[in-house]
Amino acid sequence: MSGGSDVSSPLSGRISTSSLSDLKDLEFSSESGCLSIVVLGASGDLAKKKTFPALFNLFQQGFIQSGEVHIFGYARSDMSDEGLRERIRGYLKGASDEHLSQFLQLIKYVSGSYDNGAGFELLNKTISENETSENNQPGNSRRLFYLALPPSVYPSVCKMIRSCCMTPSSHTGWTRVIVEKPFGKDLDSAEELSAQLGELFDEEQLYRIDHYLGKELVQNLLVLRFANRFFLPLWNRDNIDNVQIVFREDFGTDGRGGYFDQYGIIRDIIQNHLLQVFCLVAMEKPVSLSPEHIRDEKVKVLQSVSCINHDEVVLGQYDGYKDDPTVPNESNTPTFASVVLRVHNERWDGVPFVLKAGKALSSKKAEIRVQFKDAPGDIFRCKKQGRNEFVIRLQPSEAMYMKLTVKKPGLEMATEQSELDLSYGLRYQDVKIPEAYERLILDTISGCRQDRTSATSTVAYASPRGQHMR
Ligand SMILES: NC(=O)c1ccc[n+]([C@@H]2O[C@H](COP(=O)([O-])OP(=O)(O)OC[C@H]3O[C@@H](n4cnc5c(N)ncnc54)[C@H](OP(=O)(O)O)[C@@H]3O)[C@@H](O)[C@H]2O)c1
C-alpha cells in the first residue's frame with residue numbers, strides 16, 4: 001500500500017482501491033475541500049500515543065495526503081512547530097525517513113489558552129491561511145477538531161471553537177468535533193455536558209467516540225452475530241450459561257494516577273468500553289446498520305438490565321496504588337471491579353453477564369468469553385474436560401476461537417478439548433489491522449456515525465434500571 005502524496009486520496013472522492021481493500025465497508029464522500037485536522041491538547045498523552053500515530057497511519061495508507069490536509073496542534077504549552085514534531089516523532093513507527101518527514105511537515109503548532117479568544121483567533125487565522133493557500137473554494141473547507149483534553153475544559157473549548165473557528169460558510173464544507181470518553185462523571189454531569197455541547201453544535205457536528213467501538217473485533221461482533229446461521233439459534237438462554245467480558249491490564253496507573261483516581265476502574269473502563277461491548281453481545285438484531293437503529297437496540301438492552309445485586313459486585317485496589325505520588329493517601333478508588341449484569345428479557349433471563357476490569361494484574365488482555373451449557377445426556381463422560389466456549393479476543397493478538405470436545409486421535413474412544421482457531425495474525429498475515437483511532441478519525445472525516453456512542457452514554461450512567469451512577 002502506498003502513501004504520501006503520490007496516490008489519489010479516498011477522502012477526496014478519487015478512490016484508491018488498494019487502500020480501500022482494507023476498509024471495505026466505509027462509504028467515502030466526494031467532498032474535496034481543504035481538510036484541517038486540529039488536535040486540541042496536542043502536548044498531552046493521548047495526542048502523542050494515539051491521535052498523531054493514527055493520523056500518521058492514515059497518511060501512510062494514502063487516506064490523508066499532503067496538499068489536501070493540514071494538521072494543527074493546539075495547547076497551552078509553549079512550543080514551536082518543530083518542538084511538537086520532535087515530541088511525537090518517536091511514536092510514529094514503520095515508515096521511511098522520507099515519509100515521516102513529509103508527514104511531520106503537515107503539522108503546525110499554535111499555543112493558546114482554552115478559555116480565551118486570542119488563542120483561538122490565532123488558530124483560526126493559521127487554519128484560514130492554509131485553506132487560502134490551497135486554492136480552496138470558499139465554503140468547501142472541512143475542519144475537524146479532536147479534543148484530546150480533560151473533560152473539564154470541553155465546554156470552554158467548544159465555546160471558543162463555536163465563536164472563533166467554524167468553517168466560514170457551509171456549502172459542502174463542515175465543522176466536526178470529536179470528544180472522547182469520559183462524557184461526564186455521572187448521570188447529572190453527563191446530561192449537563194450534553195446540554196452544554198448541544199447548545200453549541202448540531203448533533204451532526206458532534207462525534208462522541210468510544211475508541212473500543214473502533215477495534216476490529218468489536219466491529220466484527222455485529223457480523224458474527226447476525227450474518228452467521230451457526231450463532232442465530234444458539235445465542236440465547238437455552239444454550240448459553242454465562243458471558244464474561246473481561247479487561248485486564250498488567251500495569252498500574254503508569255504516571256496517570258491523578259487522572260485515574262478521579263474516575264476509578266468502573267467509570268474508566270466498565271461504564272463505557274465494557275458496557276458498549278455488552279450491548280453488542282446482548283442486543284437484538286437492529287433494523288439496519290444505520291447508527292440510529294443500532295443505538296435503539298443498545299438502549300433497549302440497557303433498559304432491560306435489572307438492578308445490580310450488591311452481592312454480585314467485587315471491588316479491589318492493587319497493592320502499591322497509593323505509592324503513586326499523584327494518588328491521595330486515603331484513596332479508596334477501585335482499580336479492580338467485577339459486576340454481574342442480568343438482562344430481564346426473553347433472550348437472556350437467567351444468564352449472568354460478568355463484566356470484569358482491573359489494573360496491575362498478571363496479564364494484559366480484553367476478551368469476551370461465551371460459555372455454553374453442557375450437552376445433555378453425556379455418554380462420553382467428558383464434562384470435566386470443559387465446556388464449549390466461544391472466545392473473542394479483542395486485544396492483544398486479535399483472535400476468535402471455539403473450544404470444543406473432540407475425539408482424541410488414536411485407537412481409543414477418548415475425548416479431549418480442542419479449538420477451532422481463527423487467529424488473525426495467522427489467517428490474515430498480509431493484512432494490517434487498523435488501530436481503533438484510525439478508523440474513528442476516518443469515519444468522522446467521511447461522516448460515518450457508526451462508532452459514536454450518543455444516547456447510550458447517558459443511558460449507561462442511568463442503567464441498570466432505576467440505579468443512577470451519581
Ligand atoms: N491517554 C490515554 O491513553 C487516553 C485513552 C482514552 C481516553 N483518554 C481521554 O482523552 C483525554 C485526553 O487524555 P490525555 O491522557 O492526553 O490527557 P492529559 O495528557 O492529562 O491532557 C492533555 C493536555 O491537556 C492540557 N491539560 C491537562 N490538564 C489540564 C487542565 N486541568 N486544564 C486545562 N488543560 C489541561 C495539557 O496541555 P497544556 O498544558 O499544554 O495546555 C495536556 O497536555 C481525556 O479526556 C482522557 O480521559 C485518554
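## Loops, sheets, core and ligand shell

Ser397 is found in the loop between S12 and S13. (Helices, H or I of at least four residues, and strands, E of at least two, are DSSP runs numbered from the N terminus.) The model is predicted: local features need pLDDT of at least 70 and side-chain atom pairs count only at pLDDT 80 or more, while totals for chains, interfaces and linings use all residues. Residue numbers start from 1 along each chain as its sequence is written.

**Loop residues**

Although Ser397 is not a glycine, its phi is positive, about 50°. Ser397 counts as exposed because it has 11 C-beta neighbours inside 10 Å. (Buried means that 20 or more other C-beta atoms lie within 10 Å of a residue's own, exposed that 12 or fewer do, and partly exposed is in between, with C-beta atoms placed from the backbone.) The loop between strand S12 (389-395) and strand S13 (399-407) also holds Pro396. Pro396 is joined to Gln395 by a cis peptide bond, with omega about -15°.

Ala360 is another residue other than glycine with a positive phi, near 55°. Ala360 sits in the loop between S10 and strand S11 (365-372). Ala360 counts as partly exposed, because it has 18 C-beta neighbours inside 10 Å.

Cys382 belongs to the loop between S11 and S12. With 16 other C-beta atoms within 10 Å, Cys382 is partly exposed. From C-alpha to C-alpha, Cys382 and Glu416 are 7.8 Å apart in space, with their positions 34 residues apart in sequence.

**The mixed sheet**

An open sheet of 8 strands runs in the order S8-S9-S10-S7-S11-S12-S13-S14, and its pairing is mixed. (Two strands pair if DSSP finds at least two bridges between them.) S8 and strand S14 (415-423) are the edge strands; each has a single partner strand, so one side of each is left without a neighbour in the sheet. From one strand to the next, the twist averages 15°. (Axes are lines fitted to C-alpha atoms, for helices over the stretch in contact; angles run from 0 to 180 degrees between N-to-C directions.) Strands of a sheet pair through backbone hydrogen bonds, either parallel or antiparallel.

Within this sheet, Val313 has Val339 of S9 as its bridge partner. Val340 is bridged to Val354 in S10, and Gln244 stands opposite Val354 in S10. Strand S9 (residues 336-342) has two faces: Ala337, Val339 and Leu341 are on the covered one, whereas Phe336, Ser338, Val340 and Arg342 are on the uncovered one.

**The parallel sheet**

A sheet of 6 strands is also open, with parallel pairing and the order S3-S2-S1-S4-S5-S6. Strand S3 (107-111) and strand S6 (206-209) are its edge strands, and each pairs on one side only. Ignoring direction, neighbouring strands of this sheet are turned by 20° against each other on average. At the pairing of S1 with S4, Val39 stands opposite Tyr146 in S4.

Some strand pairs from the two sheets are listed here.

| Strand pair | Bridges | Sense |
|---|---|---|
| S8 (residues 313-316) and S9 | 4 bridges | antiparallel |
| S9 and S10 (residues 352-358) | 7 bridges | antiparallel |
| S7 (residues 240-248) and S10 | 6 bridges | parallel |
| S1 (residues 35-40) and S4 (residues 142-147) | 6 bridges | parallel |

**Nonpolar core**

The largest nonpolar core has 101 residues, of which Leu147 and Phe278 touch the most other members. (Such a core is a set of buried Ala, Val, Leu, Ile, Met, Phe, Trp, Tyr and Cys residues joined through C-beta atoms within 7 Å.) Helix H9 (residues 257-282) supplies the largest share of this core, 12 residues. This core lies between domain 1 (4-180) and domain 2 (214-431), because both give residues to it. (The domain bounds come from an automatic or database domain assignment.) In soluble globular proteins, nonpolar side chains tend to be buried together.

**Ligand shell**

The ligand is surrounded by 20 residues, and the closest are Gly44, Leu46, Ala75, Arg76 and Ser77. (A residue is near a molecule or strand if its C-beta atom, placed from the backbone, lies within 6 Å of it.) Helix H2 (residues 45-60) gives the most to this shell, with 4 residues. Sorted by class, the shell contains 11 nonpolar, 5 polar and 4 charged residues. (Nonpolar are Ala, Val, Leu, Ile, Met, Phe, Trp, Tyr, Cys and Pro, charged are Asp, Glu, Lys and Arg, and the others, Gly among them, are polar.)
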